[in-house]
Amino acid sequence: MFRLCAMLVLFSSFGTVLPASDFDWLVREFARESGAKQVHVPFLGFARFLVVVGHPAGTTDMRLAIFERGDLETLRFSDLTDSTVGDSWSPMIRVRSKRGESTNIYGRSDRKHLRLLITTLDGDDATFVQVNLEPKALIRFIDDHSGNNR
């Protein structure tokens, strides 16, 4: 009986422990719709570990996905990112070029962190970056590294 209860608790917790993030959904939807292949980035897991442990410039987490050889128009790319991230992310910056490049920056904050999601499309290549920042630590980093230190 104890084993059965333990297994039920374990399996019922999977839905809350391992949900797909907005970033994961966006990456999957882009790959599905564009046909692009995600590029393997060597040592990305290690770099992400260093960010989580070291908090450089106030960054507490980082996600990165790079794609090559996709087929998606600029306007469809923007629509896809907007609809996939939904209302939980606020659009902050949108840049479109005449050459078909597109960059979207979204923000979301909670009490302690500022989360930025940056999506870019350049021809048939796309990059997705999500960073979680501690604003106070970022400001300290900027102040410490500005050219006007006294």
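Among contacts in the chain between residues at least 6 apart in sequence, what percentage join residues at least 24 apart?

1. The share is 56%, counted among contacts in the chain between residues at least 6 apart in sequence. The model discussed in this note is a predicted one, and buried residues make up 29% of the 150 residues in its chain.

2. For a first orientation, the chain has 5 helices and 6 strands, and when these are read along the sequence they follow the pattern α-α-β-α-β-α-β-β-β-β-α. The points below take up the sheet, then a residue within it, and then two of the helices.

3. The strands form an open sheet of 6 with antiparallel pairing, in the order S1-S2-S6-S5-S4-S3. S1 and S3 stand at the edges of this sheet, where each has a single partner strand, so one side of each is left without a neighbour in the sheet. From one strand to the next, the twist averages 20 degrees. As general background, strands of a sheet pair through backbone hydrogen bonds, either parallel or antiparallel.

4. Beginning at the S1 edge, strand S1 (residues 37–39) runs antiparallel to strand S2 (residues 59–68), and the two are joined by 3 bridges; within this pair, Gln38 stands opposite Phe67 of S2. On to the next pair in the order, S2 and S6 are also antiparallel and are joined by 8 bridges. Examples of facing residues here are Leu64, whose bridge partner in S6 is Val129, and Ala65, which stands opposite Phe128 in S6.

5. S6 is also paired with S5, and these two antiparallel strands are joined by 9 bridges, with Leu114 standing opposite Leu133 of S6. S5 and S6 form a hairpin that has 2 residues between the strands, and Gly123, which lies in the turn, has a positive phi of about 70 degrees. How many of the 9 residues of S6 are buried? The number is 7, so S6 is largely enclosed by the rest of the structure.

6. Asp61 deserves a separate look, since it is found in strand S2 and, at 19% relative accessibility, counts as buried, for which the value must be under 20%. The bridge partner of Asp61 in S6 is Asn132, and although these two residues are 71 apart in sequence, their C-alpha atoms are 5.2 Å apart in space. With its neighbours within four places in sequence left aside, Asp61 is in contact with Arg48, Val51, Val52, Gln130, Val131 and Asn132.

7. Helix H4 covers residues 74–85, and at 1.5 Å a residue its 12 residues should span 16 Å; the C-alpha atoms at its ends are 17 Å apart, which agrees. After H4 comes Gly86, whose phi is positive, near 70 degrees.

8. Which residues of H4 are buried? They are Thr74, Phe77, Ser78, Leu80, Thr81, Thr84 and Val85, and they cover an arc of only 160 degrees around the axis, which puts them on the same side of H4. In general, an α-helix has 3.6 residues a turn, so residues three or four places apart point the same way. On the face of H4 turned away from its buried side are the exposed residues Leu75 and Ser83. The elements that cover the buried residues of H4 include helix H2 (22–34), together with strands S3 (90–96), S4 (102–109), S5 (114–122) and S6 (125–133).

9. The relation between H2 and H4 can be stated in a little more detail. Their axes come within 9 Å and cross at roughly 145 degrees, and the crossing of H2 and H4 is right-handed. On the H2 side the contact is made by Asp22, Trp25, Leu26, Glu29, Phe30 and Glu33, and on the H4 side by Arg76, Phe77, Leu80, Thr81, Thr84 and Val85. Phe77, Leu80, Thr81, Thr84 and Val85 are therefore residues of H4 that appear both among its buried residues and in its contact with H2.

Notes
Residues numbered from 1 in each chain as written. Predicted model: local features only at pLDDT ≥ 70, side-chain atom pairs only at ≥ 80, totals over all residues. Heavy atoms only, no water. Helix = DSSP H or I, 4+ residues; strand = E, 2+ residues; numbered from the N terminus. Expected span 1.5 Å × (residues − 1). Buried < 20%, exposed > 50% of the residue type's maximum accessible area, 1.4 Å probe, protein only. Arc of directions from axis to C-beta. Contact = heavy atoms within 4.5 Å. Pairing = 2+ DSSP bridges. Axes fitted to C-alpha atoms, helices over the stretch in contact; angles between N-to-C directions. Left-handed = near helix turned anticlockwise from the far one by under 90°.
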